[in-house]
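I opened this entry to record what I looked up, one topic at a time.

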Amino acid sequence: MNIKLIVCDIDGTLTDHESRIPRNNILALRAARNSGIRIALCSGRQAADMELIAEILGMDDIFILSLNGSYCLEAPKGKLYYNRTLDTHALWKCISCFEEKDLAFNCFSGNVLINNITPEYEKDPTFWNAERQARRKLITHLYGMEHVRHYAKIGINKLTYVDLYDFDKLRHIKDEMRTIKEVDITSSWRCNFEIMPKGVHKGSAVSALATRLGIEKEQILAFGDNENDIPLFCCVKHSVCMENGTEEAKRNARHLTLSNENAGIAYFLNKNVL
């Protein structure tokens with residue numbers, strides 16, 4: 001493969017179930033970078049989270065495509081070059097739907113996270129354990145509708161809804177949100193759905209980055225595992241789904257590799273690229 005850009009999802013792909021990066025993945029990505037291949041992280045996470053991942057990888061020249069590609073930072077200086085936010089009218093349609101049902105939701109504006117109310121899962125005293133707090137230490141986390149209204153004026157990149165307990169309820173609300181035509185709906189794991197600006201996704205972000213770098217889609221290799229990775233798979237020639245990925249993600253990928261627990265990124269790179 002003549003690869004010039006490698007794009008990696010994080011959760012369920014680069015990291016294992018404890019959010020740790022297998023050593024073999026680190027070594028393989030460093031070897032790829034040292035051979036002249038550019039590296040990008042592309043995730044539903046916020047940029048600050050992803051910059052911590054880049055530090056663990058030991059690379060200061062990684063492109064950060066955060067919030068499903070709606071908020072992107074260039075390498076190596078971390079300057080914002082791509083920022084797409086929800087249409088104001090559509091944003092308030094979604095918020096009104098949540099409020100009518102008295103539901104907790106998350107708003108993401110760059111590196112700021114706002115909850116309208118405290119979600120049920122955060123009431124568990126073990127949720128914000130030391131490890132999770134260390135991963136999220138650079139993020140501003142606010143609570144209350146006054147903050148939602150303030151950042152709605154600045155720009156909201158995405159909304160998310162999480163339900164760890166009632167999947168039928170989650171699916172019902174997700175289907176209802178799909179009727180709002182000015183937004184796109186996706187998921188990054190089975191317990192959530194994410195509301196994005198129309199036409200903004202990981203694929204659009206990677207296409208914009210490829211144009212910026214002068215790289216063809218045939219020269220891009222992408223790894224992912226879930227529904228929000230499918231647009232990414234569709235915009236590159238070499239798409240790779242993890243063994244632990246969803247069936248829909250696997251159907252849309254050109255290649256399969258080992259699971260995230262078994263350093264599937266390193267396995268594929270060592271076999272096909274390095």
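**Helix α11 and its cover**

I started with what covers the buried residues of α11, and the list includes β1, α1, α2, β12, β13 and β14. The buried residues in α11 are Gly264, Ile265, Ala266, Phe268 and Leu269. I note here that the model is predicted. Helix α11 (residues 264-272) lies across β1, β12 (220-224), β13 (238-241) and β14, and runs at about 155 degrees to β12. I then listed the contacts of Leu269, leaving aside neighbours within four places in sequence: Ile6, Ala28, Leu29, Leu221, Phe223 and Leu274.

**The sheet under α11**

I looked up the strand order next. The sheet is open, has 8 strands in the order β5-β4-β3-β2-β1-β12-β13-β14, and its pairing is mixed. Its edge strands are β5 (80-83) and β14 (255-256), each paired on one side only. I checked one pair in detail: β1 (residues 5-8) and β2 (residues 38-42) run parallel and are joined by 4 bridges. In this pair Ile6 stands opposite Ile39 in β2. Helix α3 (residues 47-57) packs on this sheet and touches β2, β3 (63-66) and β4 (71-73), with its direction at about 145 degrees to that of β3.

**Nonpolar cores**

Which residues have the most contacts inside the largest nonpolar core? I found Ile6, Leu29, Leu41, Leu57, Leu221, Phe223 and Leu269, in a core of 38 residues. The elements giving two or more residues to this core are β1, α1 (10-14), α2 (23-34), β2, α3, β4, β12 and α11. The most comes from α3, with 6 residues. A second core, separate from this one, has 28 residues, and Cys94, Cys107, Ile156 and Ile180 are among them.

**Ser239**

I looked at one polar residue in strand β13, Ser239. Ser239 counts as buried because its relative accessibility is 3%, and the cut-off is under 20%. A polar atom of the Ser239 side chain lies 2.8 Å from the backbone nitrogen of Arg254. Beyond four places in sequence, I list Ala222, Phe233, Asn252, Ala253, Arg254 and His255 as the contacts of Ser239.

**The other sheet**

I moved to the open sheet of 6 strands, which has the order β8-β7-β6-β9-β11-β10 and mixed pairing. Its edge strands, β8 (140-143) and β10 (183-186), each pair on one side only. From one strand to the next the twist averages 20 degrees. Strand β7 (residues 112-115) pairs with β8 in the parallel sense over 4 bridges, and Ile114 stands opposite Leu142 in β8. Helix α4 (residues 88-100) packs on this sheet, where it touches β9 (158-162), β10 and β11 (192-197). The direction of α4 makes about 20 degrees with that of β9.

**Cysteines**

How many disulfides does a search of the whole structure find? I got 0. Why is Cys94 not bonded to Cys97, which has the closest cysteine sulfur? The two sulfurs are 7.5 Å apart, too far for a bond, since the cut-off is within 2.5 Å. For Cys107, also in no disulfide, the nearest cysteine sulfur is that of Cys94, 9.9 Å away. I checked burial for both: Cys94 is buried at a relative accessible area of 0%, and Cys107 is buried, with 0% as its value.

How values were computed:
Residues numbered from 1 in each chain as written. Predicted model: local features only at pLDDT ≥ 70, side-chain atom pairs only at ≥ 80, totals over all residues. Heavy atoms only, no water. Pairing = 2+ DSSP bridges. Axes fitted to C-alpha atoms, helices over the stretch in contact; angles between N-to-C directions. Contact = heavy atoms within 4.5 Å. Core = buried A, V, L, I, M, F, W, Y, C linked by side-chain atoms within 4.5 Å. Buried < 20%, exposed > 50% of the residue type's maximum accessible area, 1.4 Å probe, protein only. Polar contact = N/O pair within 3.5 Å; in protein donor to acceptor, adjacent residues only side chain to side chain.
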